[in-house]
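Here are my notes on the model you sent over. Have it open while you read, and follow the points in order.

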Amino acid sequence: GKLKAQGSLELSAARVTGTGKAQQVVDADGVLTITSREGAKTLGESLGAGGAVALKGARVEQRGVIDIESGTLDITGVGEAGRNDTVVDTVVFAEKSTTSVAGRSKPVSTDYAVSSNGGSISATATSGNVVFNGLLDASAGKPLANLNGNVAQAGSVSLKAIGEAEAGKFTAGAVVVGASAEIKLDAPAAA
């Protein structure tokens, strides 16, 4: 499915997530902001592994919680019309934000658990900067104590600031890493 906003859009929830079969696109012509309401709570329950969510906007500001188990998250900031003379923060992972495509482990019998691989996070600023100051997690599902099981693999994180060439003018972008930035790509060691 697809949600298209002709202006700015705010997604405010305890967490933004997707089911295992989700193939969703949220596209805003203005600023797309993800926030968590103060005091909002989530059970953090599994909704199935492998969903795909794409977030696109002139600017994308991730200030909340995104949790897509073993999923694919593509974030694209395209820049704002009329701002070609100034490099802006086009994709922002704010301090205290959590963006996770981590795998999980689930018991399937009394002595065996299945772990899912980490997913992929890709953030691209086609013009402007990617500012990274939150948590990005593409870890593998962790083995459960006292249970046999498979060994899952960590996923991937990609942050790109492409820049833009227009009428002989190039606007450079950068990936700006803040003091609170953290990337988790944890994976269990093979036995």
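1. Which strand does S4 pair with over 10 bridges? That partner is S5 (residues 52-62), and the two run in the parallel sense. Strands here are DSSP runs (E, at least two residues), numbered from the N terminus, and two strands pair if DSSP finds at least two bridges between them. One bridge to look up is Val25 with Ala54 in S5.

2. A word on what you're looking at. This is a predicted model, where local features need pLDDT of at least 70 and side-chain atom pairs count only at pLDDT 80 or more, while totals for chains, interfaces and linings use all residues. Residues are numbered from 1 along each chain as its sequence is written, and side-chain values use heavy atoms, with hydrogens and water left out.

3. Back to S4 (residues 23-35), which has other partners too. Strand S1 (residues 2-5) pairs with S4 in the parallel sense over four bridges, and there Leu3 stands opposite Val26. Strand S2 (residues 9-12) also pairs with S4 in the parallel sense, again over four bridges; Ser12 has Thr35 as its bridge partner.

4. Now zoom in on Ala28, which sits in S4. Ala28 is buried (under 20% relative accessible area), at just 2%. Its C-alpha atom is 5.8 Å from that of Lys4, though the two are 24 residues apart along the chain. Beyond its neighbours within four places in sequence, Ala28 is in contact (heavy atoms within 4.5 Å) with residues including Ala5, Leu9 and Gly57.

5. Next, the largest nonpolar core, meaning a set of buried Ala, Val, Leu, Ile, Met, Phe, Trp, Tyr and Cys residues joined through side-chain atoms within 4.5 Å. This core has 24 residues, and Leu32, Ile34, Leu55, Leu73, Ile75 and Phe93 have the most contacts inside it. Among the elements giving two or more residues are S5, S7 (72-77) and S8 (89-93), but S4 gives the most, with four. Leaving aside neighbours within four places in sequence, Leu32 touches Leu9, Leu11 and Leu55, among others.

6. Finally, the holes. There are two cavities of 30 Å³ or more; on a 1 Å grid over the protein atoms alone, a cavity is a set of points where a 1.4 Å probe fits but cannot get out. The largest has a volume of about 40 Å³. Its lining includes Arg15, Glu45, Asp67 and Arg104, and divides into two nonpolar, four polar and five charged residues.

Conventions: 1 Å grid on protein atoms, 1.4 Å probe; cavity = no way out; pocket = protein on both sides within 12 Å on 5 of 7 lines; lining within 4 Å. Points joined across faces, edges and corners; volume = space filled by probe spheres on them. Nonpolar A, V, L, I, M, F, W, Y, C, P; charged D, E, K, R; others polar. Buried < 20%, exposed > 50% of the residue type's maximum accessible area, 1.4 Å probe, protein only.
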